[in-house]
Amino acid sequence: EDHWDAFRNLSMPVLVVRGERSTDLPPDIFVRMKSTLPSATYVEIPDAGHWVHFDQPEAFIRVLKQFFLTCGFDSVY
């Protein structure tokens, strides 16, 4: 299905994390997402495939913590 209209209309904070080696989220789609919803936060994790949280767990946790803090959470465990 085509979900670009729904994606474009998201109003909540959005974080898109892509593993640099991911074949499930190709670079061209990642770029299209950035142009479709520029208010989102986009991060590409080096040396990771689609399962970023398995391949680079420390980097993934750092990205999540930073995102949550920018969304107004005072503390992140």
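How many bridges join strand E1 to strand E2, and do these strands run parallel or antiparallel? The legends below take up this question and then turn to single residues in the chain, which is shown here as a predicted model.

**View 1. The whole chain, with four helices and two strands.** Read from the N terminus on, the elements of this predicted model follow one another in the order α-β-α-β-α-α. The C-alpha trace spans about 35 × 30 × 20 Å along its principal axes, and 27% of the 77 residues count as buried. Among the contacts with a separation of 6 or more, 61% are made by residues that stand 24 or more positions apart in the chain.

**View 2. The outside of the chain and its charges.** The chain exposes about 5,600 Å², and 55% of this area is supplied by carbon and sulfur atoms. The chain carries 7 positive and 11 negative charges, and the mean positions of these two sets are 4 Å apart.

**View 3. The pairing of strands E1 and E2.** Strand E1, which covers residues 15-19, is joined by five bridges to strand E2, which covers residues 41-45, and the two strands run parallel. The path of the chain from E1 to E2 leads through helix H2, made of residues 27-36, and the β-α-β crossover that results is right-handed. Within the pair of strands, Leu15 has Thr41 of E2 opposite to it, while Gly19 has Ile45 of E2 opposite to it.

**View 4. Arg18, a buried residue in strand E1.** Why does Arg18 count as buried? The relative accessible area of Arg18 is 2%, and Arg18 is called buried because a residue falls into this class when the value is under 20%. If the neighbours within four places in sequence are left aside, Arg18 is in contact with Leu25, Pro26, Pro27, Phe30, Val43, Glu44, Ile45 and Val52. Val31 stands 13 residues away from Arg18 along the chain, and the C-alpha atoms of these two residues are separated by 11 Å.

**View 5. Asp47, in the loop between E2 and helix H3.** Asp47 lies in the stretch of chain that leads from strand E2 to helix H3, the helix of residues 52-55. The phi angle of Asp47 is near 55°, which is a positive value in a residue other than glycine. With a relative accessibility of 44%, Asp47 counts as partly exposed, because this value lies between the 20% under which a residue is buried and the 50% over which a residue is exposed. When residues up to four places away in sequence are not counted, Asp47 touches Glu20, Arg21, Asp55 and Gln56. Arg62 stands 15 residues away from Asp47 along the chain, and the C-alpha atoms of Asp47 and Arg62 are separated by 15 Å.

Conventions. Residues numbered from 1 in each chain as written. Predicted model: local features only at pLDDT ≥ 70, side-chain atom pairs only at ≥ 80, totals over all residues. Heavy atoms only, no water. Buried < 20%, exposed > 50% of the residue type's maximum accessible area, 1.4 Å probe, protein only. Contact = heavy atoms within 4.5 Å. Areas by Shrake-Rupley, 256 points an atom, 1.4 Å probe, with all protein chains shown as cover. Lys, Arg positive; Asp, Glu negative; His and termini not counted. Charge placed at Lys NZ, Arg CZ, Asp CG, Glu CD. Pairing = 2+ DSSP bridges. Right-handed = clockwise from strand over helix to strand, strands pointing away.
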